[in-house]
Amino acid sequence: MGSYYLGIDVGAVAAAAVLLDEEGRVAAGAYEKHAGEPEKVLRRMLAPYPRSEIAAYALTGAGARRLGLAGRVLDATVAQIEAVRRIVPEARNILYIGGGSFSLTTLDGQGRLLKNTTNSACASGTGAFLDQQALRLGIAPEDLGRIAATYAGLAPSVATRCAVFAKTDMIHLQQEGFPVEAVAKGLCHGLGASTVDGLLGGTTLAGTTALVGGVALNECVAAAVRERLGVEVVVPENPERAGALGAAFWAREHAAPIAFDPAPLDAPKLRAADAHTRPPLALTLSRYPDAACEDYFVDDRGTEVALLVPAAQGQRFRVAMGIDIGSTSTKAALVEASGRTVAWCYRKTAGVPLRATQHVLQALRELEERHGIELDIAAVGTTGSGRKMVGRVIGADLVLNEITAHARAAAAIDPAVDTIIELGGQDAKFTQMAGGVVYNSVMNYVCAAGTGSFIEEQAQKLKVPIEAFADLAMGVSAPVTSDRCTVYMERDLDLLLAEGWSKAQVAAAVLHSVRDNYLNKVVGGLGIGDHVLFQGATARNRALVAAFEQRLGRPINVSPLCHVTGALGMALFAHERVRGPTAFRGLAFADVKIVVENEQCTLCRNRCKLSVIRMPDDVVAWGLKCGREYDDVRPKPKDLQGYAAIAHRDRLLQDGGGAPHPPSRAPWPWARRPRTARIGIPRALTMHSFLPFWRRCFAALGCETVLSAPTTGDTVARGESLVTAEFCAPVLAALGHADELFARDVDYVFVPHQIREACPEGFTNAYFCCYVQAYPSLVRSALQERARDRLLAPVVDFSDTSNLAGGLHEALRGPLGVTRRQVLAAVEAGRAAQDRFRRENLEAGRAAIAKLAAGGGFGIVLIGRPYNALDRGLNLDLPRRIAEMGPPVLAIDQVEASLGRAAPLFPNMYWSYGQRILSAAHYTAAHPSLFPVYFTSFSCGPDSYVLSYFKEIMARAGKPYLVLQFDGHGADAGYLTRIEAALESFQAWRGGGAPSVRAPRRAAHVLACEVSDGLHR
């Protein structure tokens, strides 16, 4: 019988093995990532072990059973407990963060299992997610924690809810000048915090916690976990081998003797006999372009350069230059006034946009020297995620968003284009056009899988040069794969390789998955036209073009300039819009020494994080939200006339209809005076509409009302830390507001079960969202003892005065000592305040629209639930940013929308806010100078289909619109790009570019019906 005990752990990403001697000491151990081939790794890993002396062994991990070995397979939690009981005996919790999953296990005093919580289907918070983001930063995953720890400053915020948010935040931080070390630290901190929050679900831990799994090796993540948990966290030696160690201990104490036979590791793994495959990729309908040019070279800094026209020695080209500073690549195009493209450059941005731009300018100088020509640059325009900062530094004459730039290029390439497919390096866009004008454009919100960077990452994994990827995948049938999140798609591809599919088949599968992800999650139900243009560097992959052709069944047009179309569009715009001499610093800017430093401005409450770019002759500070210059000693005041209507609404809402303070006497001289109390009201959910009613109502009862502070990111985080399930950001914020009020000097916190409003004519009902109705129950569940005796939670039904007063009296008579008659009087006072708010708010809207008509401009209507569209903490203050760009903004309740217009089309729209949204959509669609921006949030059930009805109304009118979705995290840069593109589309539509869109097949009959405030009389 042997004297050693073996434990094997095969996870989604890595394999580990531990060998114990008879005394339970570790004799050997190993850990290695297996890239989908665990058998191969284990054969190499176990080769030095004394096979004949192994008395027993056990296995654990997600991939243990597929190995075919005879040893006992343990649940991963059991193996972790077996290890931690011995190496951290004082531990009462085990936090495991591995490659494909994470979990929290709670133990009793004897180290026995009490509770186990694991991650959801999303891969955020896993080691694979972290590895993927590290590679995007150009950092080896094993070095991420060490590099992050070298940054001594405050880590910038990186959202880790999903790869798309992480990528967006990281790219924009780099574009703003943050060094890679800072972004890495923000990523690690974000992952550690979000993993803990996801597992704790609002609860707290007691006792020592052992942190195990491969991610525990990342010291920066470990530090974030310690900070978030607030208890002692121990990272044992070799935490990545904890599962294997536990399996070995279990084998030593519980397993029957069994010889270790590794032969099953060598057995071929057969693919499923009924595995489905997709047809081979081929171009049969589309014509792929010839990219011939006069000269093409790659300089010693990796910049591609092409000269497209014949050039004689000494020839001078008068051109405009467009530069597209994207998240993954930086491009330039030089175009003559006739529209002829003279040359282009293309290179990787590599997280340093200023340096990448300098390399492009140097490449153009090399082109001049190579051919003895002169590039006379008359105007310069910049676009892409780095457009503003780079444009400011180099002296660009024009700065525009990339959606508009790509659309301009598309119209020049094919005047009949009606659909643009664009898969960029880090994002994906879908644009609909008519008459050369964009009338709708969407970007990826939820998933990053349908992007070019994912293809490049898989090419690296397959060890295939990206230039050869298309040739490898063409003409090859592929296994059917999912289009889920990038982390799980990667894991699926690892499994395919392990099952014996060829590299070519897996390469083809990558393209099918990317295409499906794009069509399902970006395009969704939007229509694809007859003239489709595929733009972006991914269109250089003809196999991906073939994948789109195969799925859509129509020709996919590709330009030889597909990879530089953003730069091409900016060059065309520069010719058209720039007048006078250029401000461009010239190609000599390639030699300017640039130093980028990070600072934080403290002159106002914005606390802007700045990138300060120092040049020999200038200093440029990027990130100042107030608009001041860097040398100014005080913030720059802004006169935002376009925000006046919203600001007026805020004032009307805050003053409660004119009387937020207690009256001097009770409603009736003979009535018993109610008890005086301070009532806390959360600044959340329906209070963004009904605050005047409630403040006046409580004032009439002799109470003082106290509002919670305005929403911030901390409010949302506070709410998120209290819950054990997924909720939309407004609900999380609402819980944070309630929690804040319970910590303040108030007698009670008022959180009503607000059920419904009066049902307008033609509809079936007028309910509020189910979470609004259940708000008090959520507060009780989250806050428990704190909410027990201080929560006022009446059932509120605005559809009937008697029920409304009865519900209020039932809830308030005990705490406040009020009579039913006093409550009835208070309700009437509240109605008067709400009516005044409605009238004055509408009057502000009328005045703004009248001013708009007189000035000849256009305005924006903020469509959506007021707690989404008007809460500055949830909408990233984007309505104000829209107003800064020029057009005035109006709230949904500042336009005189008739609910009757929506009733015959959507009679079963039983959501109250849904009725208002659709009615405002009808009004805005019909008004020649108003355009809608729809604000919504992830996880909003009602909006998931109200949005489709909204789009149907806008399609009927053939009018452009913008939809912005929020999740309570992230930066505003991606949203600003969408907004800028939308404003360009709105302006173009007003100039005569309105598309002709076939109206949906629905009844067109309209009823006239007006409802004031939804409070039934």
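Buried means under 20% relative accessible area, exposed means over 50%, and partly exposed lies in between, with a 1.4 Å probe and protein chains only. Cysteine 293 is a case to try this on: its relative accessible area is 29%, and this residue is partly exposed.

**Before you start**

This is a predicted model, in which local features need pLDDT of at least 70, side-chain atom pairs count only at pLDDT 80 or more, and totals for chains, interfaces and linings use all residues. Residues are numbered from 1 along each chain as its sequence is written, and side-chain values use heavy atoms, with hydrogens and water left out.

**Stop 1: the whole chain**

Select everything. Of the chain's 1017 residues, 59% count as buried. The chain has 32 helices and 37 strands; helices (H or I, at least four residues) and strands (E, at least two) are DSSP runs, numbered from the N terminus. Contact means heavy atoms within 4.5 Å. Among contacts between residues at least 6 apart in sequence, 73% join residues at least 24 apart.

Now colour by pLDDT, the predictor's confidence in each residue, from 0 to 100. The chain averages 85, and 87% of the residues score at least 70. Select residues 270-274: pLDDT stays under 50 there, and the model has 4 contacts beyond four places in sequence for this stretch. Then select residues 657-672, where pLDDT also stays under 50 and the model has 34 such contacts.

**Stop 2: the cysteines**

How many disulfides does a search of the whole structure find? The search finds 0. A disulfide is a covalent bond between the sulfur atoms of two cysteines; the cut-off is a pair of cysteine sulfur atoms within 2.5 Å. Select cysteine 220 and cysteine 188. The closest cysteine sulfur to that of cysteine 220 is in cysteine 188, at 4.6 Å, which is too far for a bond. Cysteine 220 counts as buried, at 5% relative accessibility.

**Stop 3: helices α2 and α8**

Select residues 76-87 (α2) and 242-254 (α8). These two helices pack at an angle of about 85°, with their axes 7 Å apart. That makes α2 roughly perpendicular to α8. Axes are lines fitted to C-alpha atoms, for helices over the stretch in contact, and angles run from 0 to 180 degrees between N-to-C directions. Angles under 35 degrees count as roughly parallel, over 145 as roughly antiparallel, 65 to 115 as roughly perpendicular and the rest as oblique.

Show side chains at the contact. From α2 come Ala79, Glu82, Ala83, Arg86 and Ile87, while the α8 residues include Phe249, Trp250, Glu253 and His254. By class, this contact has 8 nonpolar, 3 polar and 3 charged residues. Ala, Val, Leu, Ile, Met, Phe, Trp, Tyr, Cys and Pro count as nonpolar, Asp, Glu, Lys and Arg as charged, and the others, Gly among them, as polar.

**Stop 4: threonine 431 and leucine 962**

Select threonine 431 in strand β20 (residues 428-434). Threonine 431 is buried, with a relative accessible area of 4%. Beyond its neighbours within four places in sequence, threonine 431 is in contact with residues including Ile403, Asp418, Val438 and Asn440.

Asparagine 440 leads to leucine 962: their C-alpha atoms are separated by 7.2 Å, although the two are 522 residues apart along the chain. Leucine 962 lies in strand β37 (residues 962-966) and is buried, with a relative accessible area of 4%. Leaving aside neighbours within four places in sequence, its contacts include Pro932, Tyr934, Ile979 and Phe986.

**Stop 5: proline 710, α21 and α22**

Is proline 710 buried or exposed? Proline 710 is exposed, at 51% relative accessible area. This residue lies in the loop between β29 (704-707) and α21. Proline 710 is in contact with Arg683, Thr715 and His737, apart from neighbours within four places in sequence.

Thr715 and His737 also appear where α21 meets α22. Select residues 713-720 (α21) and 729-742 (α22), which pack at an angle of about 90° with axes 7 Å apart. That makes α21 roughly perpendicular to α22. By class, their contact has 4 nonpolar, 4 polar and 4 charged residues.

**Stop 6: the loop between α28 and α29**

From proline 710, go to glycine 873; their C-alpha atoms are separated by 7.1 Å, with their places 163 residues apart along the chain. Next select leucine 876, in the loop between α28 (866-869) and α29 (878-884). Leucine 876 has a positive phi of about 60° although it is not a glycine, and is partly exposed at 25%. Aspartate 877, in the loop between α28 and α29, has a positive phi of about 60° and is not a glycine. Aspartate 877 is buried, with a relative accessible area of 16%.
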